[in-house]
Amino acid sequence: MIADVWPLFGLVLRTPRLELRLPSLDRLAALAELAGDGVHDPAVMPFTTPWTDLPPAERARSVLQWQWKSWAELTPAGWSLALTVLADGVVVGTQELSAKDFAVLREVQTGSWLGRRHQGRGIGTEMRAAVLHLAFAGLGAELARSAAALDNPASRAVSAKLGYTEDGTDRIAVRDRPAEHVRLRLDRAGWQAHRTVPVEVAGLAPCLPLLGAG
Ligand SMILES: CC(C)(COP(=O)(O)OP(=O)(O)OC[C@H]1O[C@@H](n2cnc3c(N)ncnc32)[C@H](O)[C@@H]1OP(=O)(O)O)[C@@H](O)C(=O)NCCC(=O)NCCS
């Protein structure tokens with residue numbers, strides 16, 4: 001079985017409504033199609049790399065290559081888990097957890113998107129809570145970082161609900177214009193104080209050495 005060779009395929013996070021795991025090719029195709037259908041109002045650009053400006057078919061293919069890149073480049077010194085999010089078995093979006101030099105720094109980063117029709121129902125909060133649980137309870141992280149465009153109220157609200165505090169801003173060139181992004185941080189005490197979503201993690205033990213957390 002693939003999980004015997006690549007244990008990350010056996011890693012599964014479960015919350016009351018969601019399941020998060022690396023995708024099969026069929027689920028990856030469903031995720032790509034969701035991206036092709038649109039991730040946000042084209043008038044705004046929530047991402048620092050404006051990948052959603054690509055035409056729909058290219059945007060969909062970029063989801064595949066982003067996933068495969070993360071598989072190919074994973075090492076204990078630098079990794080990214082782009083987990084597919086399923087609600088009632090349906091692919092609704094993706095939640096990433098990544099780290100550099102985790103063994104030394106004990107820090108993780110997150111990023112995410114949902115298909116437009118799945119937004120605004122609390123799924124974004126529940127899936128971020130799932131990877132925060134993986135990071136703090138499962139991997140022994142001490143700090144989680146995130147960032148959001150100043151004009152991204154949904155992402156900022158998710159971070160605020162989960163206890164992140166603001167940590168300054170960055171000015172970034174996006175669509176050839178300056179965009180301001182808020183840096184966010186959540187330490188272990190903040191996570192403990194704000195956790196409300198029950199999360200179950202399965203299949204983690206054989207993954208730990210691959211993530212610098214063994
Ligand atoms: C960001 C994203 C993942 C959040 O997921 P979601 O399921 O929509 O978020 P939730 O429903 O869990 O929570 C959204 C919160 O934002 C609030 N919100 C949404 N729009 C808002 C607005 N215009 N003003 C103020 N608050 C707003 C909601 O009220 C909700 O808070 P509440 O539960 O306290 O009411 C999702 O909206 C998304 O994929 N957006 C497009 C891509 C993106 O921006 N990715 C993140 C890049 S940093």
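**Exercise 1. Classify alanine 157 by its surroundings and place it in the structure.**

Solution. Alanine 157 has 13 other C-beta atoms within 10 Å, so it is partly exposed. The cut-offs are these: a residue is buried if 20 or more other C-beta atoms lie within 10 Å of its own, exposed if 12 or fewer, and partly exposed in between, with C-beta atoms placed from the backbone. Next, its element: alanine 157 is found in helix H6. Helices (H or I, at least four residues) and strands (E, at least two) are DSSP runs, numbered from the N terminus. Last, a distance: alanine 157 and glycine 124 are 33 residues apart in sequence and 9.9 Å apart in space, C-alpha to C-alpha.

The model is predicted: local features need pLDDT of at least 70, side-chain atom pairs count only at pLDDT 80 or more, and totals for chains, interfaces and linings use all residues. Residue numbers start from 1 along each chain as its sequence is written.

**Exercise 2. Describe the shell around the ligand.**

Solution. Start with the count: 22 residues surround the ligand, and the closest are Pro46, Gly124, Thr125, Pro153 and Ala157. A residue is near the ligand if its C-beta atom, placed from the backbone, lies within 6 Å of it. Then take the elements: E5, H5 and helix H6 (153-161) give two or more residues each. H6 gives the most, with six residues. Finally, sort by class: eleven residues are nonpolar, nine polar and two charged. Here Ala, Val, Leu, Ile, Met, Phe, Trp, Tyr, Cys and Pro count as nonpolar, Asp, Glu, Lys and Arg as charged, and the others, Gly among them, as polar.

**Exercise 3. Find the buried side of H6 and what covers it.**

Solution. The buried residues in H6 are Ser155, Val158 and Ser159. They lie on the same side of H6 because they cover an arc of only 95° around the axis. The arc is that of the directions from the helix axis to the C-beta atoms. The cover over these buried residues includes H5, E6 and E8. After H6 comes glycine 163, with a positive phi near 100°.

**Exercise 4. Describe strand E7 and its pairing with E8.**

Solution. First, burial: of the ten residues of E7 (residues 165-174), the number buried is zero, so this strand lies largely in the open. Second, pairing: E7 and E8 are antiparallel over eight bridges. Two strands pair if DSSP finds at least two bridges between them. One bridge joins glutamate 166 to leucine 184 in E8. Third, the turn: the hairpin of E7 and E8 has two residues between the strands, and arginine 175 takes a positive phi near 50° there.

**Exercise 5. Trace the largest nonpolar core.**

Solution. The largest nonpolar core has 49 residues, and Ala130, Leu132 and Ala135 have the most contacts inside it. Such a core is a set of buried Ala, Val, Leu, Ile, Met, Phe, Trp, Tyr and Cys residues joined through C-beta atoms within 7 Å. H5 supplies the largest share of this core, ten residues. Leaving aside neighbours within four places in sequence, alanine 130 is in contact with Leu13, Thr15, Leu18, Leu20, Gln95 and Val199. Contact means that the C-beta atoms of two residues, placed from the backbone, lie within 7 Å.

**Exercise 6. Classify arginine 117.**

Solution. Arginine 117 lies in the loop between E5 and H5. With 11 other C-beta atoms within 10 Å, arginine 117 is exposed.
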